[in-house]
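User: Hi! I have a protein model open and I'm a bit lost. Could you walk me through it?

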Amino acid sequence: GGGKATFQPDKPDDVASLIRVQHIQVTDKSTGERAICSVVIMDWPADLVIEPGHVGQLQSGVPINFSVSNSNRPIKWSMLGEGNIDQDTGTYIPNEESTVPVCVIIADDDDERAGYAMVEFVPTHGAAVPHKQGWTDLATFELVVIGHDTCYANGWQQIEVEVRVEAQTVGGQDAIVSDAELATLQLMVMGSDNTLPFLQAHEGGIGKESGMEWAVSRSRNDVDPPSTSDTAVAASVPVLGDNERRVRFFIHSRQATTLEIYAGIQNADSHAWTYSKEKKEGKVNVKARPALNFAREQYGFERVRLVGESDASPIAGDDFIYVDNTMDYWRLKHVVAGGVARKFISAYIPPGANKSLLRWASEQADDHYCSYTGLQFIPFKAPESEHQRLLMDGLLYRMAKQRSHVLPELNKALGARAGELMISLRRTDAMKHWDDIATGEPYYSHLKEPITIELIDQQGHQHTLHFDFGVPEGEDKEAQTRDCLILTL
């Protein structure tokens, strides 16, 4: 009574009901006017950060581009409510008229992580709901480079740019730039007025095959920002205004050149675009310099013998000739650039490519002297505890199982450290030769190919490296090809 009521949420029907939206309708019996409110019930905390996280009341079908700022995995989008969302891009289009006050946007990166955002609507029935004053002009529309204005043109290193926007007061009332309007922000190039494309949430940089020369990300990747010695540091950041909104973008390049960029934003009420290029503060220069080239001697690739997992040779200094069972860890520790050792932030092997090498001492059917490899990679800045496993090619696992051969486990104490790639090389006298033709299974031919891995270092440079059996300089000249590994570019 008295215009008050108590709400008791329904209990979920089953454990799969992780999020629910319940609507409450109230009716004025004397006038017949009614209104609806919505209660969103979550059964889990949000692990993913969706931008924008809240979209205020919309009066028409303005598309909203949602993105996730803390995951580089492909995102699947869904919703609870009215409207339509593209499950791949995160673009949401509200209905022209709404019957409920809210829609919940849900993001899932298929790694047991999810997040949500809210979209509010103006009701199409009942009394009007008061909302914040929209804007017609902007008092502030500026771009500022945060840090340094020059990156390497390798597609991965980022220039951080902050867009600052504040609405002009309307009739003495404060006007607000909404989250939905912030989501329309675009960066554009002076002269051509071309819009810089946005990378997808799971894309950490511009791929070699993408064809893009410049692009924008909504989130920071794991690549180090440009060094303090590269360019001058930007001025200090001023205090945020009362109604000022700020959004940061991260610019990538694969073209060694300079661009002058500005921003555009769309008004949710009028759908008109406003551009920052009319003011000096609304433009900034960003530069990309040529990416570095690398030679073999710049890579730190070394062998470590695991004494506890290897036979001892009767000859001092011999690691291969008089021993049949050994385990070596070949560690790619860094690449040297500008006199500084740089670690690696990511490693990629194309789908279908082999992840292990395999070689017998001969092609004799009864040969049981064999060498094979596994690998371990720990991204720089990643917790080492999450990558303590020795990975091998699936066909090697199958072959070993059919030969009743036990594959080795990782020696955590001597394995890779953060930012390193380690390739294990096991020499054994206990795995019989595999004949692809006789077995009808082409395992051996697949595992004879060199391993190709694309790594990205701390500065965003991409390294396509090839690993194969071979005897490098500095090893025993009498060693067989299968005893050691070589690295080529």
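Analyst: Happy to; we can go through some strands, a surface patch and a few salt bridges. Keep in mind that this is a predicted model.

User: Cool. Which strand does S1 pair with?

Analyst: Strand S1 (residues 19–27) is joined by nine bridges to strand S2 (residues 34–42), and the two run antiparallel. To spot one place in the pairing, look at Gln25, which stands opposite Ile36 in S2.

User: And what sits between S1 and S2?

Analyst: There are six residues between them, and the two strands form a hairpin. In the turn you'll find Gly32, with a positive phi of about 85 degrees.

User: Okay, new strand. Is S14 mostly covered or mostly open?

Analyst: Mostly covered: nine of the nine residues in S14 (residues 159–167) are buried.

User: Which way do the residues of S14 point?

Analyst: Ile159, Val161, Val163, Val165 and Ala167 point one way, while Glu160, Glu162, Arg164 and Glu166 point the other way. In a regular strand, side chains alternate between the two faces of the sheet.

User: Which strands are joined to S14?

Analyst: Strand S12 (residues 138–146) is joined to S14 by eight bridges, and strand S17 (residues 245–253) by seven. Both pairings are antiparallel. On the S12 side, Phe141 has Val165 as its bridge partner; on the S17 side, Glu160 stands opposite Phe250.

User: What about a smaller piece, like the sheet with S5? What's the strand order?

Analyst: That open sheet has three strands in the order S5-S9-S8, with antiparallel pairing. Strands S5 (64–65) and S8 (84–85) stand at the edges with a single partner strand each, so one side of each is left without a neighbour in the sheet. Two bridges join S8 to S9 (residues 91–93), and Ile85 has Tyr92 in S9 as its bridge partner.

User: Switching to charges. Which residues form the negative surface patch?

Analyst: The patch is formed by Asp108, Asp110, Asp111 and Glu112. Asp108 belongs to strand S10 (residues 102–108).

User: Why does Asp108 count as partly exposed?

Analyst: Because its relative accessibility is 35%, and partly exposed covers values between the 20% and 50% cut-offs.

User: How many salt bridges are there in the whole structure?

Analyst: A search of the whole structure finds 20. One of them pairs Arg113 with Asp109, with the closest N and O atoms 3.1 Å apart. Arg113 counts as partly exposed at 27% relative accessibility, whereas Asp109 counts as buried at 1%.

User: What does Asp319 pair with?

Analyst: Asp319 forms a salt bridge with Arg303, and their closest N and O atoms are 2.8 Å apart. Asp319 lies in the loop between strand S21 (299–305) and strand S22 (326–337), and Arg303 is in S21, so the pair ties together parts that are 16 residues apart in sequence. With a relative accessible area of 24%, Asp319 is partly exposed.

User: And where is the partner of Lys343?

Analyst: Lys343 forms a salt bridge with Glu420, the closest N and O atoms being 3.2 Å apart. This pair links distant parts of the chain, 77 residues apart: Lys343 is in the loop between strands S23 (340–342) and S24 (344–348), and Glu420 is in strand S27 (residues 420–428).

User: Are those two buried or exposed?

Analyst: Lys343 and Glu420 are both buried.

User: Last one: which residues are joined into one salt-bridge network?

Analyst: Glu160, Glu162, Arg164, Arg220 and Arg248 are joined into one network through salt bridges that share partners. You've already met Glu160, Glu162 and Arg164 on one side of S14.

Conventions
Residues numbered from 1 in each chain as written. Predicted model: local features only at pLDDT ≥ 70, side-chain atom pairs only at ≥ 80, totals over all residues. Heavy atoms only, no water. Pairing = 2+ DSSP bridges. Helix = DSSP H or I, 4+ residues; strand = E, 2+ residues; numbered from the N terminus. Patch = residues over 30% accessible without salt bridge, like charges linked within 9 Å, V, L, I, M, F, W, Y side chains within 5 Å. Areas by Shrake-Rupley, 256 points an atom, 1.4 Å probe, with all protein chains shown as cover. Salt bridge = Lys/Arg side-chain N within 4 Å of Asp/Glu carboxyl O. Lys, Arg positive; Asp, Glu negative; His and termini not counted. Charge placed at Lys NZ, Arg CZ, Asp CG, Glu CD. Buried < 20%, exposed > 50% of the residue type's maximum accessible area, 1.4 Å probe, protein only.
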